Amino acid sequence: MTIDFVKLTEPTAALINTLNRWGNDTYLKPLNQPNPSKEALEQEHTLTIEDVIQKLDYQHTFLIYLEDQLIGEMSYTVDPDHLLKKEPGTAWISISIGEREGRGKGIGFIALDYLEQQIKGQGLKRMELGVFEFNEPALKLYKKLGYREIGRIENFTYYEGDMRADIRMEKCL
């Protein structure tokens with residue numbers, strides 16, 4: 001199994017189409033983005049190349065490839081406002097395996113290890129993330145990688161008829 005990571009510098013129309021497909025996938029959408037209501041969950045969102053270019057001003061994004069096929073993306077942002085613990089030198093991280101064939105193979109573990117090395121290389125000392133309470137595979141992965149829960153934000157996202165919590169986790173480097 002060959003896994004490669006490529007830092008995103010210039011988004012293409014094909015990449016934007018893929019990100020939009022993943023962002024509106026009915027399986028992934030509840031796992032990857034907060035939805036304040038059923039209507040928000042059901043609403044389709046569309047990214048543009050300009051949206052992604054603007055994000056690259058403050059977000060470090062890496063594309064994940066399995067056997068030369070794009071299967072996911074991951075990113076980190078330094079000291080964003082939404083950190084639960086406002087400690088300077090913190091990377092807020094996220095990961096999404098967008099293609100079904102990339103899930104359940106340990107790729108998330110390998111990808112997050114790579115992302116951690118990139119963050120260490122920037123001299124950052126801490127990572128923080130949010131994971132929805134119902135996303136058990138992600139919770140299991142983060143715990144396996146040494147993340148620990150530091151708090152919860154109740155009623156954060158809509159899922160299966162109820163508002164659910166966002167679990168905030170950290171790992172010190």
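In which sense do strand β4 and strand β5 pair, and over how many bridges? In this predicted model, β4, which spans residues 90-97, and β5, which spans residues 126-132, pair in the parallel sense, and three bridges join them. One residue of this region can be followed individually: W92 has E128 of β5 as its bridge partner.

Helix α6, made up of residues 136-144, packs on the sheet. The helix touches β4, β5 and also β7 (162-172). The direction of α6 makes about 160 degrees with that of β5.

The wider sheet may now be considered. Seven strands form an open sheet in the order β1-β2-β3-β4-β5-β7-β6, and their pairing is mixed. At the edges lie β1 (3-7) and β6 (148-159), each of which pairs on one side only. From one strand to the next, the twist averages 25 degrees. In general, the strands of a sheet pair through backbone hydrogen bonds, in either a parallel or an antiparallel manner.

Helix α6 also has a helical partner. Helix α5, residues 107-121, packs with α6 at an angle of about 50 degrees, and the two axes are 11 Å apart. Angles that are neither under 35, nor over 145, nor from 65 to 115 degrees count as oblique, and α5 and α6 are therefore oblique to each other. The crossing in which α5 passes α6 is right-handed. On the side of α5, the contact is made by G108, F109 and L112, while α6 contributes L141, Y142 and K144. The residues of this contact between α5 and α6 comprise four nonpolar, one polar and one charged.

How values were computed:
Residues are numbered from 1 along each chain as its sequence is written. This is a predicted model: local features need pLDDT of at least 70, side-chain atom pairs count only at pLDDT 80 or more; totals for chains, interfaces and linings use all residues. Side-chain values use heavy atoms; hydrogens and water are left out. Two strands pair if DSSP finds at least two bridges between them. Helices (H or I, at least four residues) and strands (E, at least two) are DSSP runs, numbered from the N terminus. Axes are lines fitted to C-alpha atoms, for helices over the stretch in contact, and angles run from 0 to 180 degrees between N-to-C directions. Contact means heavy atoms within 4.5 Å. A crossing is left-handed if the near helix is turned anticlockwise from the far one by less than a right angle, and right-handed if clockwise. Ala, Val, Leu, Ile, Met, Phe, Trp, Tyr, Cys and Pro count as nonpolar, Asp, Glu, Lys and Arg as charged, and the others, Gly among them, as polar.
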